[in-house]
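Here is a short report on strand pairing, cores and charged contacts. Look at the sequence and structure first, then read on.

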Amino acid sequence: MAGLVERADQVVVARVSAQQARWDGDQIVTDVLLEVEDAVHGSASTGDTLMLVRLGGAIDDLGMRVEGEPSFNDGNRYLVFLREWRGMYRPVGMSQGVMRVQEQADGTRIVEPGGAGLSLVTRPGGPPALGALWRPRTLSSVRDQIRRLAREP
């Protein structure tokens, strides 16, 4: 988690309002429009609209998939760690930096671990390769952890 926070320019809870695949040179990318519901870290504000670009997507009958890139569903809510890139944003750590937020029947919001399509490996002699979130946690506890990490030098 500390690595994601350190590399992120913005950390937000946002709802996906639209997605559009396009060509970027010889590759397909998808622009994902995010409506900020909660600005956890960075200069974004509630109500802002941010554009995230992810590698891959589908145009007509041609598709491109990049393992480890996040996928999004319109209308779903995500906790997203974003880094500026070419006037847009990219997810930090690929799909590790995109965590689905689910609302429980009692109104509690739960953050699910990110990292779909990724395998974390350890370099020989290096520290263990651990994901940012090992199990689902409440959004309030994850938000508190992010804000605490953002204040640490």
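Tryptophan 85 stands opposite methionine 88 in β7. This is a predicted model. Strands β6 and β7 run antiparallel and are joined by four bridges. They form a hairpin with two residues between the strands, where arginine 86 takes a positive phi near 50 degrees.

**Strand pairing**

β6 (residues 77-85) also pairs with β1 (residues 10-24), antiparallel, through six bridges. Two residue pairs show the register. Valine 13 has leucine 79 of β6 as its bridge partner. Arginine 15 faces arginine 77 in β6.

β8 is a further partner of β6: the two are antiparallel, with four bridges. There, tyrosine 78 lies opposite arginine 100 of β8.

β1 pairs with β2 (residues 27-41) as well, again in the antiparallel sense, over 13 bridges. In that pairing, valine 16 stands opposite leucine 34 of β2. β1 and β2 make a hairpin with two residues between them. Glycine 25 sits in the turn and has a positive phi of about 70 degrees.

**Salt bridges**

Eleven salt bridges are counted in the model. Side chains of opposite charge can pair when their charged atoms come close. Three of the bridges are tabulated here.

| Residue | Partner | Closest N to O distance |
|---|---|---|
| Aspartate 24 | Arginine 86 | 3.5 Å |
| Arginine 77 | Glutamate 37 | 2.6 Å |
| Glutamate 67 | Arginine 65 | 3.0 Å |

Take aspartate 24 and arginine 86. Aspartate 24 is in strand β1, and arginine 86 is in the loop between β6 and β7 (88-91). The two are 62 residues apart, so the pair links distant parts of the chain. Is arginine 86 buried or exposed? Arginine 86 is exposed, because its relative accessible area is 58% and the exposed class begins over 50%.

Arginine 77 and glutamate 37 also link distant parts of the chain, at 40 residues apart. Arginine 77 belongs to strand β6 and glutamate 37 to strand β2. Their exposure classes come from their accessible areas. Arginine 77 has 9% relative accessibility and therefore counts as buried, the cut-off being under 20%. Glutamate 37 has a relative accessible area of 28%, so it is partly exposed.

Which residues share a salt-bridge network with arginine 77? The network links Arg15, Glu37, Arg77, Glu103 and Arg109. Arg15 and Arg77 also stand opposite each other across β1 and β6.

Glutamate 67 and arginine 65 form a bridge in which both residues are exposed.

**A buried arginine without a bridge**

Arginine 54 is in strand β3 (residues 49-55). It is buried, yet has no salt bridge. Why is there none? The nearest side chain of opposite charge, glutamate 69, is 5.8 Å away, and a salt bridge is counted only within 4 Å, so the pair does not qualify.

What does arginine 54 touch, beyond residues up to four places away in sequence? The contacts are Gln19, Val29, Thr30, Val32, Glu69, Pro70, Ser71, Phe72 and Arg90.

**Nonpolar cores and the aromatic pair**

Nonpolar side chains in soluble globular proteins tend to be buried together. In this model the largest nonpolar core has 19 residues. Met1, Leu79, Phe81, Met99, Val111 and Ile146 touch the most other members. At least two residues each come from α1 (2-7), β1, β6, β8 (98-103) and α2 (139-151). α2 gives the largest share, four residues.

Valine 111 is worth a look. Leaving out neighbours within four places in sequence, its contacts include Leu79, Met99, Val101, Leu133, Leu139 and Val142. Arg100, Arg135 and Arg137 are also among them.

A second core is separate and has 15 residues, including Leu34, Val36, Phe72 and Tyr89. Leu34 of this core is the residue opposite valine 16 in the pairing with β2.

How many aromatic pairs are counted? The count is one. Phenylalanine 72 and tyrosine 78 make up the pair, in an edge-to-face arrangement. Their ring centres are 5.1 Å apart, with 75 degrees between the planes. Both phenylalanine 72 and tyrosine 78 are buried. Phenylalanine 72 is also one of the residues touched by arginine 54.

Notes
Residues are numbered from 1 along each chain as its sequence is written. This is a predicted model: local features need pLDDT of at least 70, side-chain atom pairs count only at pLDDT 80 or more; totals for chains, interfaces and linings use all residues. Side-chain values use heavy atoms; hydrogens and water are left out. Buried means under 20% relative accessible area, exposed over 50%, partly exposed in between (1.4 Å probe, protein chains only). Lys and Arg count as positive and Asp and Glu as negative; His and the chain ends are not counted. Contact means heavy atoms within 4.5 Å. Two strands pair if DSSP finds at least two bridges between them. Rings of Phe, Tyr and Trp (its six-membered ring) pair if their centres lie within 6.5 Å; planes under 30 degrees apart count as stacked, over 60 as edge-to-face and the rest as tilted. A nonpolar core is a set of buried Ala, Val, Leu, Ile, Met, Phe, Trp, Tyr and Cys residues joined through side-chain atoms within 4.5 Å.
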